[in-house]
Amino acid sequence: MRITVIGTGYVGLVTGASLAYLGHQAVCVDVNEEKIKLLKSGVMPLWEPGLESMIRDVELQGRLDYSTDVSASVPVSDAVFLTLGTPSSESGEVDLSALWSVVRSIAPMLHRDTLLIIKSTVPAGTCEQIEAYLHQQFPASASIAVAHNPEFLRQGSAVRDFLAPDRLVFGASRPEAHHRLEEIYAAIQSPVIKCGLREAELIKCASNAFLAMKISYANMMSDLCDALGISVDAVAEGMGLDRRIGSEFLRAGAGYGGSCFPKDLRALMALAAKEHLDMELLRATEAINRGRVQVICRRLEGVLGTLGDKQITIYGLAFKPNTDDTREAPALRICSMLQEAGARVRAYDPVVAGLPDPQVDVAIDMYEAADGSDCVVIVTDWDQFNRLDWGRLRQVMRSPYIFDARNMLDIAVMAENCKRYGLHYLSLGR
Ligand code: UGA
């Protein structure tokens with residue numbers, strides 16, 4: 001099939017490249033000329049494991065192209081995917097302006113058999129409004145169908161998540177739209193949920209909010225385990241083996257960040273508020289997540305006394321490993337809070353080279369970042385921190401504290417390292 005993907009962020013690029021990999025003829029379109037120029041010259045505008053090699057592969061086979069111009073590919077496409085960003089506005093509601101602006105501009109170009117597929121995360125009701133708009137504005141195109149096909153791509157494993165998803169969600173108001181989506185994804189063997197547009201929209205936000213809730217639940221238990229002097233690892237493992245609960249997203253730590261969970265939680269609460277419903281569980285989820293920063297800073301104060309004259313090293317700035325994304329990353333708020341308490345903060349991240357705000361000195365070497373430090377705080381669970389040379393680290397540090405705020409290090413191995421190198425290891429709820 002001929003497919004246009006509009007919006008070449010990480011979702012759009014992964015979608016375009018993966019659809020080409022599945023055998024379709026794809027064009028990725030973006031208004032950002034610089035980005036399209038980079039892609040055409042073989043430079044990746046973002047870092048996502050496995051994406052570059054897949055792109056090289058499908059480019060060689062002539063199945064993936066890039067453009068800044070929608071008018072060449074949209075009129076001849078069997079399907080048009082919209083993968084525009086839908087950020088939070090001040091009020092917590094979703095800002096749909098980029099999405100609507102593209103809908104308006106491509107509407108006259110849509111062929112009557114083209115399926116318009118919204119992949120962007122949108123509040124329930126948006127796709128019905130888009131479908132109604134197309135029908136009102138262009139009676140001749142009354143057969144243009146709109147579908148919602150939410151993405152469940154995790155940054156860092158987006159290619160794998162696209163090609164082998166837990167489920168595919170096809171939301172549409174007409175059977176022919178469901179059928180076209182089945183054709184597009186025919187090569188993927190995953191369970192398919194066929195439902196209405198609003199159900200599909202809610203499946204996406206409700207799933208993200210549930211995962212965020214699981215993380216906050218684990219963090220709440222972690223605080224209780226700290227108070228009781230027991231291990232949250234054992235509690236989470238024991239809970240997770242119950243198949244009704246599942247073991248993923250139960251890791252206690254610095255809390256969730258990124259462009260999706262915080263935004264989708266706010267969007268769900270804003271949507272519910274319009275229906276005079278209070279999403280209490282989600283409010284608590286958010287409050288617990290925000291409170292992680294205080295838990296971490298109080299713990300640091302507990303061991304270091306005052307933070308005023310201390311030097312703290314932050315290991316990891318990205319909101320999670322295998323991405324360079326720092327949007328709503330817990331590390332940003334931890335750095336700000338430490339600086340407000342008077343601490344000097346230095347940081348190291350394997351891929352994030354600097355931050356605009358807060359202003360933090362980012363070293364290019366792990367050991368240099370820890371030079372003269374009173375405590376190294378691991379805020380992102382990069383695998384690289386499992387292979388630290390603890391003896392060398394202790395030598396450059398002023399005080400012996402290692403605070404693993406992601407519970408990523410093996411507690412028995414760290415007990416050994418503490419004995420051998422005179423380190424003092426802290427983590428959360430264990
Ligand atoms: C999330 C969802 O997992 C995807 O399914 C969804 O498609 C995507 O949002 C989206 O809406 O586009 P992502 O934000 O890339 O994906 O990251 P996750 O891997 O879900 O991690 C989110 C945050 O939770 C990270 O900060 C991570 O460190 C934290 N986390 C995760 C924990 O604190 N504990 C855990 O046990 C797991």
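Between which two helices does the loop that holds Cys260 lie? Cys260 sits in the loop between α10, residues 232–240, and α11, residues 261–274. The model shown here is a predicted one. Cys260 is a useful place to start, since an unreviewed UniProt entry annotates this residue as "active site". Is Cys260 buried or exposed? A residue counts as buried if 20 or more other C-beta atoms lie within 10 Å of its own. Cys260 has 23 C-beta neighbours inside 10 Å, and therefore it counts as buried.

The loop between α10 and α11 contains other residues to look at. Phe249 is placed in this loop. Its phi is positive, about 60°, although Phe249 is not a glycine. Phe249 has 16 other C-beta atoms within 10 Å, so it is partly exposed. Arg244 is also found in the loop between α10 and α11. With 5 C-beta neighbours inside 10 Å, Arg244 counts as exposed. The loop therefore offers one case of each class: Cys260 is buried, Phe249 is partly exposed, and Arg244 is exposed. Arg244 can also be placed relative to Met337: the two are 93 residues apart in sequence, and their C-alpha atoms are 38 Å apart in space.

Now turn to the ligand. There are 21 residues around the ligand, and those that come nearest are Arg251, Tyr256, Gly258, Cys260 and Lys320. Cys260, the residue annotated as "active site" in the UniProt entry, is thus among the nearest residues to the ligand. By class, the shell around the ligand consists of 10 nonpolar, 7 polar and 4 charged residues. Which helix gives the most residues to this shell? Helix α9, residues 197–228, gives the most, with 3 residues.

The position of the ligand is best described with the domains in view. The protein is divided into domain 1, residues 2–195, and domain 2, residues 261–427. Why does the ligand lie between domain 1 and domain 2? Both domains give residues to the shell around the ligand, and so the ligand lies between them. The C-alpha centres of the two domains are 35 Å apart. The domains also touch each other: 13 residues of domain 1 are in contact with 14 residues of domain 2. On the side of domain 1 that touches domain 2, there are 6 nonpolar, 6 polar and 1 charged residues.

Within domain 1, helix α5 shows how a helix can have two sides. This helix covers residues 97–106, and Leu99, Val102, Val103 and Ile106 in it are buried. These residues cover an arc of only 105° around the axis, which means that they are on the same side of α5. On the other side of α5, Ser97, Ser101 and Arg104 are exposed. What covers the buried residues of α5? The elements that cover them include β1 (2–6), α4 (70–73), β4 (79–82) and α6 (126–137).

Just before this helix, the loop between β4 and α5 contains Asp95. Asp95 has 15 C-beta neighbours inside 10 Å, so it counts as partly exposed. Leaving aside residues up to four places away in sequence, Asp95 touches Thr86, Pro87, Ser88 and Ser89. Asp95 and Val122 are 27 residues apart in sequence, with their C-alpha atoms 9.1 Å apart in space.

Domain 2 has some details of its own. His276 lies in the loop between α11 and α12, where α12 spans residues 280–304. The phi of His276 is near 60°, a positive value in a residue other than glycine. With 6 other C-beta atoms within 10 Å, His276 is exposed. Further along the chain, residues 313–411 carry the annotation "domain: UDP-glucose/GDP-mannose dehydrogenase C-terminal" in the unreviewed UniProt entry. This span is 23% helix and 18% strand, and its end C-alpha atoms lie 21 Å apart. Which residue is joined to Asp357 by a cis peptide bond? The bond is to Pro358, and omega is about -5°. Pro358 is in the loop between β10 (344–348) and β11 (361–362).

Technical notes:
Residues numbered from 1 in each chain as written. Predicted model: local features only at pLDDT ≥ 70, side-chain atom pairs only at ≥ 80, totals over all residues. Near = placed C-beta within 6 Å. Helix = DSSP H or I, 4+ residues; strand = E, 2+ residues; numbered from the N terminus. Nonpolar A, V, L, I, M, F, W, Y, C, P; charged D, E, K, R; others polar. Domains from an automatic or database assignment. UniProt positions renumbered as here; feature names shortened; annotations may be inferred. Buried ≥ 20, exposed ≤ 12 C-beta atoms within 10 Å, placed from the backbone. Arc of directions from axis to C-beta. Contact = placed C-beta atoms within 7 Å.
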